[in-house]
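Hi,

Here is the structure I promised to pass on. Have a look at it first, and then read on for what turned up in it.

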Amino acid sequence: MSSHGTLYNQTSESPSPVATWKGSVSTQRSESHKRNLFLQSLYEEEQKQKIGKDNRNADLPDDIGDKDIVESLENDVQFWTDFSKAHYHPQSLYEINGLWMDVEGFDNYGMGKDVFSESFRGEEMTERLRFFIEECDHVQGIQCVVDDSGGFSSVAVDFLQNIADEFTNTPVLLYTVRDPGSSMSSRSRKRNISRDLHDAISFAKLSPFCKLIVPVGLPSLSGSKVSTNLHVNDKKPFHSSSIYAAALHTLSLPFRMDTLAPAATSGSSLGALDINSIAQMLSGHLRQNMVATLDATMPAPAIGEPAQEQLLSKLQSLTPETSENMEDVHSVETLVIHGALKSGEQRASLSEVQQAISAAYEQASLRPRFCNLSAVTCPLPIPLPFPSIFSENVGCSGQLLSNPSPNSSSKGPLDVHSIPMAARLRSSSAVLPFLSSRLENLRKFGIQYGAIGGELMNSWGFGKEELEDMGETLSNMVRNLDPYSDVTSDSD
C-alpha cells in the first residue's frame with residue numbers, strides 16, 4: 001500500500017495497479033544501502049573461498065588496500081551491520097515489522113508499550129531465545145544488553161517478564177546502554193520532562209526482572225577520563241560502541257573460562273565465575289544492592305608502573321551520574337584484567353597480576369569490603385573493522401609510549417594490533433546520584449498531586465497506583481545504599 005492507499009498486484013513481477021483502481025498512483029521506493037569497502041572485501045573473500053578462484057567484484061577497485069578500508073569505515077559507517085563480520089544464526093535476529101516510524105520517533109517508553117504483545121511478536125521473540133536455551137547443556141544465566149533510551153525499553157520489560165515466567169531460576173545480568181546523543185538536553189521543557197520520566201520509569205520497570213542491573217553510557221565519551229588515551233567522536237556510534245563493547249567483552253571473560261577448583265589456576269586464566277556467582281557477590285552482601293557501576297581503562301597501564309600510575313587509579317566510570325569522591329567502606333567489586341603488560345610489550349604472568357593487584361589494594365587509602373580478581377594472559381585483539389580511536393601515545397601492543405611520534409593522527413587496527421584491558425563491576429554508594437535523580441523526577445513530574453507529567457503518564461497507560469509502585473521500587477534502591485537518607489515511602 002502506498003501513501004495514497006494504492007493496492008498493488010502481488011503476483012506480478014513489478015508493482016502494477018489493480019485494474020479496478022481509477023485514481024492516481026504513487027510509488028514509494030528507497031535506494032538500497034550500498035556495501036562499504038569493508039563489506040565488499042568480505043563478500044569477495046567469501047566468494048573466492050566458495051568457488052576456489054578469484055572472482056573479483058567489479059565495484060571494488062583493483063588497488064584497494066587495508067588503509068582504504070579503514071578510511072571507508074571511518075567515513076561510511078551508519079549501522080552496526082556496516083562493520084559486523086560475524087555470521088549470524090537465522091534465529092539470532094528478529095525484526096519488528098509494522099511500526100510506521102523511524103528510530104527517532106520510537107523515543108519513549110509509551111511508544112513501545114504494546115509492541116511485544118501485538119500480533120505474535122512476543123511468542124516469536126521468546127521462541128528464538130527458547131531455541132538457544134534448549135541447545136545448551138547447562139544455562140548459567142542470561143546476559144542482556146538493552147538500549148533503554150527509547151521505546152525498546154518497554155519491549156525489553158515485556159520480554160524479560162516472559163523470561164522470568166518461563167525460565168524461573170535463570171539469573172539475568174542486565175546492561176542498560178545508551179549512546180551519547182540520547183543524553184542531549186532539548187530546548188523544549190515538555191520534551192525534557194518526557195525524557196526525565198522515561199528514564200525513571202524505564203529503570204524502575206526493568207530492574208525487577210534481573211538479578212543485577214548495570215547502567216552504561218556517558219553523556220560524552222570524548223570529554224571523559226576514559227578517553228585519556230583515545231580520540232573519540234561522540235557523534236559516531238561506531239566510536240563509542242567500540243569502547244562499551246570492549247568493556248562488556250572483558251567483563252564476560254569469567255563466564256567463558258574453564259571452571260577449575262576455587263584456588264586453582266590454569267596457565268592462561270584465573271578466577272572463573274558464572275553469572276549467578278557475580279550477581280550474588282555484588283548484590284547479596286549487607287545492603288542487597290542490585291545496581292552496579294561499570295569502570296574501565298583502555299588501554300590498561302602496565303602493572304609495573306610507579307604508584308601514581310597503578311591500574312586501579314586509572315579505572316574510570318562508564319556509568320552516568322555517579323559520584324567519584326563518595327567513600328564507601330561497604331563496597332564490593334569484581335575486577336577483570338585482559339592481557340596485562342609488565343613493561344613495554346612484555347606480558348605479565350597471572351601470578352604477577354595477582355601480586356600487583358594485591359599490592360595496589362594494600363596501598364589504597366580506601367579498600368573495598370570484598371574484591372574478586374579474574375584475569376587472562378591474552379590481550380584484547382583489535383581486528384580490521386575496529387575504529388581508529390587510539391591516540392598517538394598508544395603502541396602496537398597497547399603499551400603507552402613515553403615518546404610518541406608528534407603530530408600523529410588517530411591510530412587504528414593497522415597500527416595497534418592488541419591492547420591490555422581492565423574492567424570492573426562495583427556495588428557501592430557511588431550510584432546514589434543516578435538513583436536519586438530518577439526517584440526525584442518520578443515524584444516531581446509523575447506522582448505528586450497536579451504533576452505536570454500526569455497527562456503524559458496517562459497516555460503511556462500508567463495510573464497513580466502503578467506510578468507509586470515504581471516510586472517504591474526506586475525508594476528501596478536508595479535506602480539500600482543510604483539507610484539514613486530522608487527518602488520516605490510513597491505510600492507513607
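Before we get to the sheet, one term: two strands count as paired if DSSP finds at least two bridges between them. Keep in mind, too, that this is a predicted model.

With that in hand, take strands β1 and β2 (residues 172-177): they run parallel and are joined by six bridges. If you want a spot to click on, Q143 sits opposite L173 in β2.

Those two strands belong to an open sheet of three, ordered β1-β2-β3, and the pairing is parallel. Which strands stand at the edges? They are β1 (142-147) and β3 (212-216); each has a single partner strand, so one side of each has no neighbour in the sheet. On average, neighbouring strands here are turned by 20 degrees against each other, if you ignore direction.

Next, the helices. Helix α1 (residues 37-51) and helix α2 (residues 66-76) have axes that come within 8 Å and cross at roughly 130 degrees. How should we describe that crossing? An angle over 145 degrees would count as roughly antiparallel, and 65 to 115 as roughly perpendicular. The angle of roughly 130 degrees fits neither range, and α1 and α2 are therefore oblique to each other.

Which residues do the meeting? From α1 we have L37, F38 and S41, and from α2 they meet D68, I69, S72 and L73. By type, the residues of this contact split into four nonpolar, two polar and one charged.

Now for a single residue, S240, which you'll find in helix α6 (residues 237-251). Is S240 buried or exposed? Buried means under 20% relative accessible area, and S240 has 2% relative accessibility, so it counts as buried. What does it touch? Setting aside neighbours within four places in sequence, S240 is in contact with P180, L221 and V232.

Finally, the whole chain. The protein chain has 13 helices and 13 strands. Of its 492 residues, 46% are buried. If you take contacts between residues at least 6 apart in sequence, 74% of them join residues at least 24 apart. The accessible surface of the protein chain comes to about 26,200 Å², and 49% of that belongs to carbon and sulfur atoms.

Over to you, and happy browsing!

Definitions and conventions
Residues are numbered from 1 along each chain as its sequence is written. This is a predicted model: local features need pLDDT of at least 70, side-chain atom pairs count only at pLDDT 80 or more; totals for chains, interfaces and linings use all residues. Side-chain values use heavy atoms; hydrogens and water are left out. Axes are lines fitted to C-alpha atoms, for helices over the stretch in contact, and angles run from 0 to 180 degrees between N-to-C directions. Helices (H or I, at least four residues) and strands (E, at least two) are DSSP runs, numbered from the N terminus. Angles under 35 degrees count as roughly parallel, over 145 as roughly antiparallel, 65 to 115 as roughly perpendicular and the rest as oblique. Contact means heavy atoms within 4.5 Å. Ala, Val, Leu, Ile, Met, Phe, Trp, Tyr, Cys and Pro count as nonpolar, Asp, Glu, Lys and Arg as charged, and the others, Gly among them, as polar. Buried means under 20% relative accessible area, exposed over 50%, partly exposed in between (1.4 Å probe, protein chains only). Accessible areas come from the Shrake-Rupley method with a 1.4 Å probe; for residues, only the protein chains shown count as cover.
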